[in-house]
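Thanks for coming. I have one structure to go through today, so please bring it up on your screens.

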Amino acid sequence: ELYYRHAPRTCQNFAGLARQGLYDGTIFHRVIADFMIQGGDPTGTGRGGESIYGGKFADEFNEELHHTGAGILSMANSGPATNGSQFFITLAPTPWLDGKHTIFGRVS
């Protein structure tokens with residue numbers, strides 16, 4: 001489920017990259033038990049991936065959304081306004097990530 005109402009540009013980016021096939025054949029290059037799995041890097045190194053907007057784009061934080069448990073879908077980044085193609089899915093509550101990573105959906 002994608003949260004278009006809460007993070008429209010982020011959802012548009014994720015869906016657009018998926019339609020373009022960017023995620024086809026990619027791996028979860030970072031897996032940390034009881035924390036999260038990270039993917040979306042076409043190079044598989046954790047260093048690649050651009051947005052559909054070209055380069056990076058701004059965060060979309062929403063006070064209604066929190067990293068409350070397993071299955072939260074968020075953008076991976078290297079700091080403010082550095083969203084590209086990489087994302088992660090939480091495996092447990094991660095409240096310290098609230099306000100640092102855009103939440104844009106969930107996996108059940």
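I will go from the overall layout to the cores, then one strand residue, then the salt bridges.

A word on the source: this is a predicted model, where local features need pLDDT of at least 70 and side-chain atom pairs count only at pLDDT 80 or more, while totals for chains, interfaces and linings use all residues. Residues are numbered from 1 along each chain as its sequence is written, and side-chain values use heavy atoms, with hydrogens and water left out.

Start with the layout. The chain has 1 helix and 5 strands, and along the sequence they come in the order α-β-β-β-β-β. Helices (H or I, at least four residues) and strands (E, at least two) are DSSP runs, numbered from the N terminus.

On size, the C-alpha trace spans about 30 × 30 × 25 Å along its principal axes. The radius of gyration is 13 Å, and this agrees with a compact globule, because a globule of 108 residues would come out near 13 Å. That radius is taken over C-alpha atoms, and the globule rule is 2.2 Å times the number of residues to the power 0.38.

How much of the chain is buried? Of the 108 residues, 47% are. Buried means under 20% relative accessible area, exposed means over 50%, and partly exposed is in between, with a 1.4 Å probe and protein chains only. The exposed surface of the chain is about 5800 Å², with carbon and sulfur atoms supplying 54% of it; the areas come from the Shrake-Rupley method with a 1.4 Å probe, and for residues only the protein chains shown count as cover.

Now contacts, meaning heavy atoms within 4.5 Å. Taking those between residues at least 6 apart in sequence, 65% join residues at least 24 apart.

Next, the cores. A nonpolar core is a set of buried Ala, Val, Leu, Ile, Met, Phe, Trp, Tyr and Cys residues joined through side-chain atoms within 4.5 Å. The largest one has 12 residues, among them Cys11, Phe14, Leu17, Ile37, Leu73 and Phe104. Two or more of its residues come from each of α1, β3 and β4 (87–90). Which element gives the most to this core? α1 does, with 3 residues. Within the core, Cys11 touches Phe104, and outside sequence neighbours up to four places away Cys11 also touches Leu2, Tyr3 and Tyr4. A second, separate core has 5 residues, including Phe35, Ala76, Phe88 and Leu97.

One strand residue to look at is Arg30, in β1 (residues 30–32). Arg30 is partly exposed at 39% relative accessible area. Leaving out residues up to four places away in sequence, Arg30 touches Met36, Ile37 and Gln38.

Last, salt bridges: a side-chain nitrogen of Lys or Arg within 4 Å of a carboxyl oxygen of Asp or Glu. How many are there in the whole structure? The search finds 2.

In one, Arg106 pairs with Glu1, with the closest N and O atoms 2.7 Å apart. Arg106 is in strand β5 (residues 103–106) and Glu1 is in the segment before α1 (8–19), 105 residues apart. Arg106 is partly exposed at 44%, whereas Glu1 is exposed at 55%.

In the other, Glu64 pairs with Arg5, and the closest N and O atoms are 3.7 Å apart. Glu64 lies in the loop between β2 (36–39) and β3 (72–75) and Arg5 in the segment before α1, so this pair ties together parts 59 residues apart in sequence. Glu64 is exposed at 54%, and Arg5 is exposed at 65%.
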